[in-house]
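Ready to poke around a new fold? Try each exercise yourself, then read the worked solution.

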Amino acid sequence: MAADVVIGLQYGDEGKGKVVDYLARNYDYVVRFHGGNNAGHTLVVNNNRIAVHALPSGILHPQVCNVIANGCVIDLDQLAKEINQHGGPSAFTGRLFVSNAAHVILPSARIVDQETGGKIGTTGKGIGPTYAAKMNRTGLRFEDILNGSMSSVYSTDTIDTVRPFITNTVKLLQMAEKSGASILLEGAQGSLLDIDHGTYPYVTSSNCTVGGALTGTGLNHKSIRKVIGVMKAYTTRVGEGPFPTEQPNEIGDKIRQIGGEFGTTTGRNRRCGWLNLTELRNACAINGVDYLVVTKLDVLDTFEDISIEPAGVVKGWNTSTKGLRNKHKLPTNAVKYLNMATKSLNAELKYVSTSPEREDMIVL
Ligand code: IMP
C-alpha cells in the first residue's frame, strides 16, 4: 500500500492542483490517471502563479517523478509547450514519464469537439472525441509515436520534445511500489463530472472517481492507502448541466468576484452557489473518502449568512481568514461552518486551504 488518491468531490475546480502541490513533498511520484488538458491546475508559490494543463501538479518539486498514465488523453502540442515553458526536455530527464498506452488527441478531435461540444459546454480540447475513438478501438496511442506513425499530424519538434518520455508506466509504477516508493494519484475534474457517476450527459468522458485511478494506472486496489477528497467551501460549475444549489443572483456574483471563479482552461465565468451535502455524501460514498480538504474558505469571509443545502444556514464570521495557517485562529462561526459542511460525510477533515499560496494551509 503506497498510493494515495486525490479526488475532486464536486464539479471540478475544487483546488486539487494546490492540494497536490502542497502534499507532493511527501511523495516520490505524482501521477495523472485520467483526462487531459481540459483540466487546469493553478499552483502559486511565493506569489508566482503557474497554470498547468497537461503536466501533473508535482512538477515544482525537483525530487518528484511525474507520470502521465495510461488513462490520460494528451494533446502533444500542449504537452510540448508546457515542457518547454518549464525548462525544456532536459529539465525533465528522469522525472517525467508518459504512458505508451495513453491516447493522443488529434487536431481533428479538437475540431470535432469545438463543433459538437456546445450543448454540454465542453472545453473544446478534443477530450470526448479522443475517448470515443479509444472506445471504438480506432484511437492512436503514444506507442504509435515510437513507431513513427504520427509524423504527418504533429511537427518533428513537438514529437522530438515528447518522445524521450514515453515508456511503460504500468511497469514503472508497479516497480516503484515494489521498491517502497510513495505515490500520489492526482484526479482531475470532479466526481459529478464522472462519465458513470456524474450528471450524465453533462459530464466529461473519463472516470474522475477512484475507480479511474486503478484502470488509469495499472495499480491494483491493494495499492490504495488513503483517498483524499477535495471540496471547495462552496460550489461552482463551468459548462452546462444541473446545479441545484446555484445562486444565479448577486450572491453567486459575489462568490465569483471574490473567488476569482473564471475557468483556468477556457476563461469562462464559473456558475457559483452554495454547498450541496446530498451530492457530497454521494461523492464520498463512491470514492470511499478517508480525508477531506476544504479549499477557499476565505472566499466566504464577508458573507452575512452562508447556506449549506439541505442542512441549513450558518452565520458568517466577518473576519479575514485569508492566509490563516493556525487552526486556533479560526473564527468560531467558521469552525461551525466547517463542522456542518463535513460532519455527515463519514471522513476526517484534515486540511483547510485559506489562499491559493502553497503554504497557506491549516492542518487539523
Ligand atoms: P470536456 O471534459 O471538455 O469534454 O467537457 C465536459 C464538461 O466537463 C464541461 O461541462 C466542462 O466544462 C467540464 N470540465 C472539463 N474539465 C473541467 C475542469 O477541469 N474543471 C471544471 N470543469 C471541467
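**Aromatic pairs and the sheet**

Let's warm up with Trp-317: its relative accessible area is 6%, so Trp-317 is buried. Keep in mind that this is a predicted model.

**Exercise 1.** Work out whether Tyr-337 is buried or exposed.

*Solution.* Buried means under 20% relative accessible area. Tyr-337 has 1%, so Tyr-337 is buried.

**Exercise 2.** Classify the aromatic pair that Tyr-11 makes with Phe-243.

*Solution.* Start with distance: rings pair if their centres lie within 6.5 Å. The centres of Tyr-11 and Phe-243 are 5.7 Å apart. Next, the angle: planes under 30 degrees apart count as stacked, over 60 as edge-to-face and the rest as tilted. The planes here stand at 50 degrees, so the pair is tilted. Now place the partners: Tyr-11 is in the loop between S1 and H1, while Phe-243 is in the loop between S12 and H9, 232 residues apart. Both Tyr-11 and Phe-243 are buried.

**Exercise 3.** Do the same for Trp-317 and Tyr-337.

*Solution.* Their ring centres are 5.9 Å apart and the planes make 50 degrees, which gives another tilted pair. Trp-317 sits in the loop between S17 and H11, and Tyr-337 in H11, so the pair ties together parts 20 residues apart in sequence.

**Exercise 4.** Find which strands stand at the edges of the sheet.

*Solution.* Write out the order of the ten-strand open sheet: S9-S7-S5-S2-S10-S1-S11-S15-S18-S19. S9 and S19 stand at the edges with a single partner strand each, so one side of each lacks a neighbour in the sheet. Elsewhere in the sheet, S1 and S11 pair in the parallel sense over five bridges.

Terms used:
Residues are numbered from 1 along each chain as its sequence is written. This is a predicted model: local features need pLDDT of at least 70, side-chain atom pairs count only at pLDDT 80 or more; totals for chains, interfaces and linings use all residues. Side-chain values use heavy atoms; hydrogens and water are left out. Two strands pair if DSSP finds at least two bridges between them. Helices (H or I, at least four residues) and strands (E, at least two) are DSSP runs, numbered from the N terminus. Rings of Phe, Tyr and Trp (its six-membered ring) pair if their centres lie within 6.5 Å; planes under 30 degrees apart count as stacked, over 60 as edge-to-face and the rest as tilted. Buried means under 20% relative accessible area, exposed over 50%, partly exposed in between (1.4 Å probe, protein chains only).
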